[in-house]
Every structure is written in C-alpha cells, then in structure tokens.
Amino acid sequence: MYNCEKSIYRLHQRGGRRLPALGRRIMAHREHRRSSIHDVASRAGVSAATVSKVLAGVTTVKPENAQRVFDAVEHLGYRVDPLASDMRRAKRRIIGAIMPEFESEFFGQMVSELEGLAEQRGYTLVAASSRESEAREKEILARMHDWRVAGVVLAPVRNEHGPAAGFMKANGMTGVLIDRVLADDAFDTVSADSAAASAEVARELIGKGHRHILVIGLGQQAATVRARLDGFRAKALELVPDVRIDVVLSESEVEPLRALLRDYFDKSANGGERPTAVYSLFLKGTLVALSEFRRRGWHCPDDISLVGFDDAEWMQVTWPAIAAVVQPVRQIAAQAMDVLFARIDGGEGPSKARLEPCKVLMRESVGSPGSGPHSGGGNRQ
C-alpha cells in the first residue's frame with residue numbers, strides 16, 4: 001500500500017493532473033487511519049517497547065521519555081487496540097458480570113460500581129442478565145468463556161451450587177460469587193450479612209411489641225432467602241419464645257405471591273388473627289405488600305407495620321416512608337473486585353467467604369401494634 005501511494009503521488013506531481021479517485025481514497029484512508037503504537041513511538045522519539053511500558057504503567061522508564069510518550073498519545077489521539085493486545089495474551093482485558101436481573105436498584109447499582117472498578121484497572125466490563133434463569137445463566141457464562149474473559153463476577157440465580165458455578169469450576173475459570181451465596185470451596189464469595197440484618201429487624205419489631213409477624217418472600221432455595229428467614233426467626237424466638245411467625249413464599253414469581261398474600265389476608269378476615277407486622281425478604285415483595293394494604297384500606301403503621309429487605313428511592317419518598325434493610329452495594333462491589341483481581345494476578349490460597357454488614361433503617365412504616373387511629377378494628381376490605 002505504501003509503494004502504491006508513492007507511485008500515485010509521483011504521477012500526480014509530474015503530470016500536474018488531479019489525483020485519481022483511487023489515489024484520493026487511499027490518501028484519505030491514510031489520513032484517517034487509526035494511529036498505531038509505532039506512530040506514537042516515532043513522534044516521541046522512543047522505541048515501541050518503551051511506549052508499551054509507559055502505557056502499561058511500568059515506572060522504570062525515564063520521566064522525560066514517559067512525558068514525551070504521553071504528549072504523543074494526546075496529540076495523535078492514540079488508543080490501545082484491545083484485540084491486538086489480547087492476541088498476545090491468553091486472557092482478554094474483559095471482566096464478565098452476570099446478574100439475575102437489572103430492574104432492581106441493587107443489581108443496577110452493582111453493575112455500575114463493578115464497571116467503574118474494572119475501568120480503573122484498565123479492563124472493560126461486559127454485563128448480562130440471567131433473567132432469573134439458571135439455564136440462561138450457564139449459557140451466558142459459556143459465551144464469556146469463549147470470549148476468554150479474564151474473570152467473572154457472578155450473582156447466581158439461587159446459590160453457589162448452581163450449574164453456572166459448576167461450569168466455572170469444570171472449565172477452570174477465575175471468578176467470584178456475590179449476593180445469593182454463603183460459602184464455596186472453589187470460589188471466593190462476597191455478600192451482605194443477611195442473617196444479622198434480619199435478626200436486627202426481629203429485634204426492632206419485637207421491641208415495638210409485635211407478637212404476630214408475617215414474613216413474605218420468594219422460594220427458600222435461594223441462599224439469601226434462607227439466611228434472611230432463619231436469622232429473623234431465630235432472633236424472634238430467642239427474644240419471645242411464643243411469638244407467632246407466619247411465612248408466605250412464592251417459588252419464583254411476584255404475581256403468585258400477590259395471590260397468596262391476598263388469600264392469606266382473606267382467611268384472617270374470616271375469623272383468623274391478622275398479623276401486626278409484615279417483613280418482606282425482597283424489594284418487589286415490599287411493593288406487593290404495600291399494594292395489598294392499600295387495596296384493603298390499611299394504613300402503615302396504624303393498622304399494620306411494614307419492613308422491607310433492600311431499599312429504593314420510592315420507599316424513602318412515599319408516606320409513610322418504608323422501613324428498610326439497606327445493603328452495602330459499594331462495599332460488596334469493591335470487595336468482589338479486589339478479590340477477583342488478586343486471583344487474576346496469580347493469588348493462591350483457599351477461597352474465603354466475606355460478609356458485609358447492612359444498615360437497618362426503621363422509618364415511619366413501623367410502630368407499636370394497636371396504637372394508631374386505624375387500629376383495633378376488623379379487617380377492612
């Protein structure tokens with residue numbers, strides 16, 4: 001291509017004619033082509049190896065040479081070609097992230113935090129949603145394996161024993177498991193201390209005088225659901241052995257939970273005893289419970305108290321503001337990426353399980369039973 005350009009240029013100079021269309025296209029291509037590492041080296045007056053060292057953060061390069069490289073990079077608008085760089089290494093500078101869904105504030109913020117942390121280390125984050133499907137989760141992970149990602153942050157659909165984690169183990173992938181996990185013998189895990197947070201919720205409700213509490217959530221097969229339910233139940237029974245704890249769980253969908261909750265309260269309206277508080281183990285369940293309260297004309301906390309695991313903006317601005325367990329998204333993301341990059345860099349040793357503490361915020365949706373202007377009456381429909 002270079003010899004062809006020279007020939008066209010000479011013809012143009014000798015003949016004084018307009019450059020042919022092919023020549024113009026070639027010259028335009030040359031003017032607009034992507035700058036290479038050799039272009040940077042030529043402008044900076046150093047070798048391509050020196051440019052590579054400077055861009056990789058090697059500190060042994062002379063400061064004046066490093067500055068010339070940075071100046072050349074800025075002048076030429078040079079960017080590292082990730083595909084070319086990755087051809088020279090077994091793994092690409094890509095981190096995969098698989099979340100159960102992106103709709104909730106928790107997982108949306110988690111991806112945002114992970115992306116920023118990956119970019120700080122010179123990596124690109126590729127995120128995908130399993131849509132609460134273990135089959136899709138494994139399929140996405142297989143694709144990421146084909147892409148030769150350097151590592152994966154996986155928030156499994158259910159727990160650390162699912163098919164995706166099994167695929168990672170079988171294929172020797174580097175990864176860390178977050179959120180819906182407890183501990184694993186092959187991978188580091190990072191999650192919120194759900195059991196301790198739920199125990200704190202139990203302590204708060206029992207302290208307010210609640211002795212009949214309904215707990216709602218999704219299927220018990222999820223590790224976090226078990227931890228939250230067990231932590232709540234254990235602390236409540238420890239404080240008041242005869243406390244009544246009802247549990248309504250839907251396997252995996254919100255709409256069935258809505259129907260189950262409606263049936264539960266219908267039964268309590270027909271001669272049964274209504275709970276004085278509801279503890280929802282997940283964000284959408286909190287909204288389902290609040291919707292059912294309003295359908296029946298109940299007010300929080302006058303008729304019934306409500307606490308939800310996970311916080312959202314709408315819970316803070318509605319009236320009354322909804323009490324919530326706030327998960328440490330930023331801390332979980334930071335721990336996960338620290339652990340993951342330590343493994344990518346060759347760190348060895350047994351896997352570790354890390355638990356990050358949550359905050360329990362008792363807002364206006366929680367009060368003492370029987371103390372409000374709407375309390376003490378029947379189950380208004």
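**Exercise 1. Take stock of the fold: how many helices and strands does the protein have?**

Start with the secondary structure of this predicted model: there are 15 helices and twelve strands. Next, turn to burial: 45% of the 381 residues count as buried. Then look at the contacts. Among those with a separation of 6 or more, 71% join residues 24 or more positions apart. Finish with the surface, where about 19400 Å² is exposed and carbon and sulfur atoms supply 50% of that area.

**Exercise 2. Describe helix α13: what is its span, and what covers its buried residues?**

Step one is the span. Helix α13 runs over residues 283–296 and has 14 residues. From first to last C-alpha it reaches 21 Å, close to the 20 Å expected at 1.5 Å a residue.

Step two is burial. The buried residues of α13 include Leu283, Val288, Leu290, Phe293 and Arg296.

Step three is the cover. Elements that cover these buried residues include β6 (212–218), α12 (254–269) and β8 (277–280), along with β9 (305–309) and α14 (313–317).

Step four is the end of the helix. Gly297 follows α13, and its phi is positive, near 80°.

**Exercise 3. Classify the aromatic pairs Tyr123–Phe341 and Phe293–Trp298: which geometry does each show?**

A useful reminder: two numbers describe a pair of aromatic rings, the distance of the centres and the angle of the planes. The count for the structure comes to seven aromatic pairs. For Tyr123 and Phe341, the ring centres are 4.9 Å apart and the planes stand at 70°, so this pair is edge-to-face. Now place the two residues: Tyr123 is in the loop between α7 (105–120) and β2 (124–129), while Phe341 is in helix α15 (residues 329–344), so the pair ties together parts 218 residues apart in sequence. Tyr123 and Phe341 are both buried.

Phe293 and Trp298 make a tilted pair, with 5.9 Å centre to centre and 40° between the planes. Phe293 is buried at a relative accessible area of 1%, and Trp298 is buried at 4%. Both belong to one aromatic cluster with Tyr264 and Phe265. To complete the picture around Trp298, note that Arg274 lies over the face of its ring, at 4.3 Å from the ring centre.

**Exercise 4. Follow the salt bridge of Arg296: which residue is its partner, and which network are they part of?**

Begin with the general idea: side chains of opposite charge can pair when their charged atoms come close. The whole structure has 20 salt bridges. In one of them Arg296 pairs with Asp266, the closest N and O atoms being 2.8 Å apart. Arg296 sits in helix α13 and Asp266 in helix α12, so the pair ties together parts 30 residues apart in sequence. Arg296 counts as buried at 1% relative accessibility, whereas Asp266 is partly exposed at 28%. Lastly, widen the view: Arg262, Asp266, Glu292, Arg295 and Arg296 are linked in a network of salt bridges.

**Exercise 5. Look at Lys169 and Asp184: is each one buried or partly exposed?**

First, the link: their side chains meet in a salt bridge of 3.3 Å, N to O. Second, the location: Lys169 is in helix α9 (residues 163–170) and Asp184 in the loop between β4 (175–178) and β5 (188–192), so the pair ties together parts 15 residues apart in sequence. Third, the exposure: Lys169 is partly exposed, with a relative accessible area of 37%, and Asp184 is buried at 9%.

Note on methods: Residues are numbered from 1 along each chain as its sequence is written. Side-chain values use heavy atoms; hydrogens and water are left out. Helices (H or I, at least four residues) and strands (E, at least two) are DSSP runs, numbered from the N terminus. Buried means under 20% relative accessible area, exposed over 50%, partly exposed in between (1.4 Å probe, protein chains only). Contact means heavy atoms within 4.5 Å. Accessible areas come from the Shrake-Rupley method with a 1.4 Å probe; for residues, only the protein chains shown count as cover. The expected span of a helix is 1.5 Å times one less than its number of residues. Rings of Phe, Tyr and Trp (its six-membered ring) pair if their centres lie within 6.5 Å; planes under 30 degrees apart count as stacked, over 60 as edge-to-face and the rest as tilted. A charge sits over a ring if NZ of Lys or CZ of Arg is within 6 Å of the ring centre and within 35 degrees of the ring normal. A salt bridge is a side-chain nitrogen of Lys or Arg within 4 Å of a carboxyl oxygen of Asp or Glu.
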